Amino acid sequence: MKARSTFLWLASLWGMLLAGQSGAVGQGVADFYRNKLITLVIGTGPGGAYDINGRLIGRHIFQHIPGTPKLVIQNIPGAGSIQAGNYLFSIASQDGTVLGNILNTVPLVQVLGQGQTQFDAAKIGRAHV
């Protein structure tokens, strides 16, 4: 089950990366990402399963992005990844240079009305640019 979860996260990450290219209209993908800094926001503290998976995937996936951008990992723990989700959907750049790995329970928390989300959890994993 964990492998499937990691695969789905990786597929979602790659889909968001490719779909977030609207800022690159008229440019080649390599030209857009050349000399860019891509931030991978992880919604948990360092050392946990989400952090380890995010860092492992981040270490390898960014070698395959045209233009070989640089990667920085940013942990934003708090409120079961809701703080990271709020940052990703409200503050972070929406041009494909910021990606996120938040807990898979965030949509349920929003549906149950238990969290202070500032985003629509139904859009998680989809480009919302």
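Me: Rings of Phe, Tyr and Trp (its six-membered ring) pair if their centres lie within 6.5 Å; planes under 30 degrees apart count as stacked, over 60 as edge-to-face and the rest as tilted. How many aromatic pairs does a search of the whole structure find?
Reply: The search finds 2 aromatic pairs. This is a predicted model, in which local features need pLDDT of at least 70 and side-chain atom pairs count only at pLDDT 80 or more, while totals for chains, interfaces and linings use all residues. Residues are numbered from 1 along each chain as its sequence is written, and side-chain values use heavy atoms, with hydrogens and water left out.

Me: Why is the pair of F32 and Y33 called edge-to-face?
Reply: The ring centres of F32 and Y33 are 4.8 Å apart and their planes make 85°. The distance is within 6.5 Å and the angle is over 60, so the pair is edge-to-face.

Me: What makes F89 and F119 a stacked pair?
Reply: Their centres are also at 4.8 Å, with 15° between the planes. That angle is under 30 degrees, so the pair counts as stacked. F89 lies in helix α4 and F119 in the segment after α5, so the pair ties together parts that are 30 residues apart in sequence. Helices (H or I, at least four residues) and strands (E, at least two) are DSSP runs, numbered from the N terminus.

Me: Is F89 buried or partly exposed, and how do you know?
Reply: Buried means under 20% relative accessible area, exposed over 50%, and partly exposed in between (1.4 Å probe, protein chains only). F89 has 21%, so it is partly exposed. F119 has 7% and therefore counts as buried.

Me: What makes D31 and R34 a salt bridge?
Reply: A salt bridge needs a side-chain nitrogen of Lys or Arg within 4 Å of a carboxyl oxygen of Asp or Glu. The side chains of D31 and R34 meet at 2.8 Å, N to O, so the criterion is met. R34 is partly exposed because its relative accessibility is 42%.

Me: Where do R55 and D51 lie, and what joins their side chains?
Reply: Both lie in helix α3 (residues 49-61), 4 residues apart, about one turn of the helix. A salt bridge of 2.8 Å, N to O, joins their side chains. An α-helix has 3.6 residues a turn, so residues three or four places apart point the same way. R55 is partly exposed at 36%, whereas D51 is buried at 3%.

Me: Why are D95 and S93 said to make a polar contact?
Reply: A polar contact is a pair of N or O atoms within 3.5 Å; within protein, one must be able to donate a hydrogen and the other to accept it, and residues adjacent in sequence count only if both atoms are side-chain atoms. The side chains of D95 and S93 are joined at 2.8 Å, so the distance is within the limit. D95 also has a polar contact of 2.5 Å with the side chain of T97. D95 is found in the loop between α4 (82-90) and β3 (98-101).

Me: How do you know whether S81 is buried or exposed?
Reply: S81 has a relative accessible area of 0%, so it is buried. S81 is found in the loop between β2 (70-75) and α4. Among the residues it touches (heavy atoms within 4.5 Å) are G43, T44 and I102, not counting residues up to four places away in sequence.
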